[in-house]
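Me: I would like to learn how to read the local features of a protein model one at a time. Could you give me the general idea for each and then the case at hand?

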Amino acid sequence: MYDRKDAFYKKAKMEGFKSRAAYKLLELNKKHALFRSGDTVLDIGCAPGGWVQVVLQQKKSIVVGVDLLEVMNLEDTRFTFIQGDITEQATVEQVLEAAPVYDCVVSDAAPNTSGSKLLDHVNSVDLVRLIYSFTKKVLKKGGNFTFKVFEGEDRSDLVKDIKKDFDFCKMLRPEATRKKSFEMYIVLKGFKGNNE
Ligand SMILES: C[S@@+](CC[C@H](N)C(=O)[O-])C[C@H]1O[C@@H](n2cnc3c(N)ncnc32)[C@H](O)[C@@H]1O
């Protein structure tokens, strides 16, 4: 068991963030300028809403968030929430209705962990591939994509396949990542465009 009440958990409570994960996006954005004021951002796997709050800190940005779970008590005219599975067509259609193109896509989505590191890794890679196949249809040329993946042997092929579509790629583990976690964040900038 991890200590749920670690420093980032307490900080999030004090500062009004809905998740400790908010600090991961703050760090990623500080280091790599993933989005800026005025951007339209798609947040995949957005519940309980910490990343949404981080994007909304930029006054003119718009966020569309998707999650299997509900996002509670996060009302903002610049935030549209869609409850659903991003791998399903009905959800994708709602996302497109909310905004047809995005300056930035961020995904903190991960399948439920099973206790098997290998299975969790494989499921995470599969989910990222599905998320990317949708992302490349909605991301603006020059746009940015950041995703989480559980580490394992297929990670390098996954990153290789996606990074060829971008000008810049960096892998990192933000400070707020729990020590025992095997998650990794991949930042991709400068989408070369959709040739489909
Ligand atoms: C670590 S949480 C995200 C935390 C969020 N970034 C925050 O700051 O509050 C991962 C989320 O991904 C969601 N998720 C997993 N698979 C999904 C899918 N196929 N479609 C939509 N959401 C999914 C889960 O329901 C979960 O809420």
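Me: Before anything else, in which loop does K18 lie?

Reply: This is a predicted model, in which local features need pLDDT of at least 70, side-chain atom pairs count only at pLDDT 80 or more, and totals for chains, interfaces and linings use all residues. Residues are numbered from 1 along each chain as its sequence is written, and side-chain values use heavy atoms, with hydrogens and water left out. Helices (H or I, at least four residues) and strands (E, at least two) are DSSP runs, numbered from the N terminus. On that basis, K18 lies in the loop between α1 (7-15) and α2.

Me: Is K18 buried, exposed or partly exposed, and which residues is K18 in contact with beyond its neighbours within four places in sequence?

Reply: Buried means under 20% relative accessible area, exposed over 50%, and partly exposed in between (1.4 Å probe, protein chains only). With a relative accessible area of 29%, K18 is partly exposed. Contact means heavy atoms within 4.5 Å, and, neighbours within four places in sequence aside, K18 is in contact with P48, G49, G50, Q53, M72, N73 and L74.

Me: What is particular about the peptide bond that joins A47 and P48?

Reply: Most residues other than glycine have a negative phi, and most peptide bonds are trans. Here the bond between A47 and P48 is cis, with omega about 5°, and P48 is found in the loop between β1 (40-44) and α3 (50-56).

Me: Which sign does phi take at N73, and where does N73 lie?

Reply: N73, a residue other than glycine, has a positive phi, near 50°. N73 lies in the loop between β2 (62-67) and β3 (79-83), and its 68% relative accessibility makes it exposed. A33 is not a glycine either, and its phi is positive at about 45°; A33 is found in the loop between α2 (22-32) and β1 and, with a relative accessible area of 46%, is partly exposed.

Me: Which residues line the second largest pocket?

Reply: On a 1 Å grid over the protein atoms alone, a pocket is an open set of points with protein on both sides within 12 Å along at least five of seven lines, and lining residues have an atom within 4 Å of a point. The second largest pocket is lined by A33, L34, F35, R36, D39, D103, K140, K141, G142, G143, N144 and K189. Strand β5 (residues 139-150) gives the most to this lining, with five residues.

Me: L139 lies in strand β5; is L139 buried or exposed?

Reply: L139 is buried, at 6% relative accessibility. Leaving aside neighbours within four places in sequence, L139 is in contact with Y102, D103, C104, V105, N144, F145, F166 and F191. L139 and P100, 39 residues apart in sequence, are 9.0 Å apart in space, C-alpha to C-alpha.

Me: How do the axes of helices α5 and α6 cross?

Reply: Axes are lines fitted to C-alpha atoms, for helices over the stretch in contact, and angles run from 0 to 180 degrees between N-to-C directions. The axes of α5 (residues 117-138) and α6 (residues 155-163) come within 10 Å and cross at roughly 10°. That makes α5 roughly parallel to α6, since angles under 35 degrees count as roughly parallel. In this pairing, H121, V125, V128, R129 and Y132 of α5 meet R155, D157, L158, D161 and I162 of α6.

Definitions and conventions
1 Å grid on protein atoms, 1.4 Å probe; cavity = no way out; pocket = protein on both sides within 12 Å on 5 of 7 lines; lining within 4 Å. Parallel < 35°, antiparallel > 145°, perpendicular 65-115°, else oblique.
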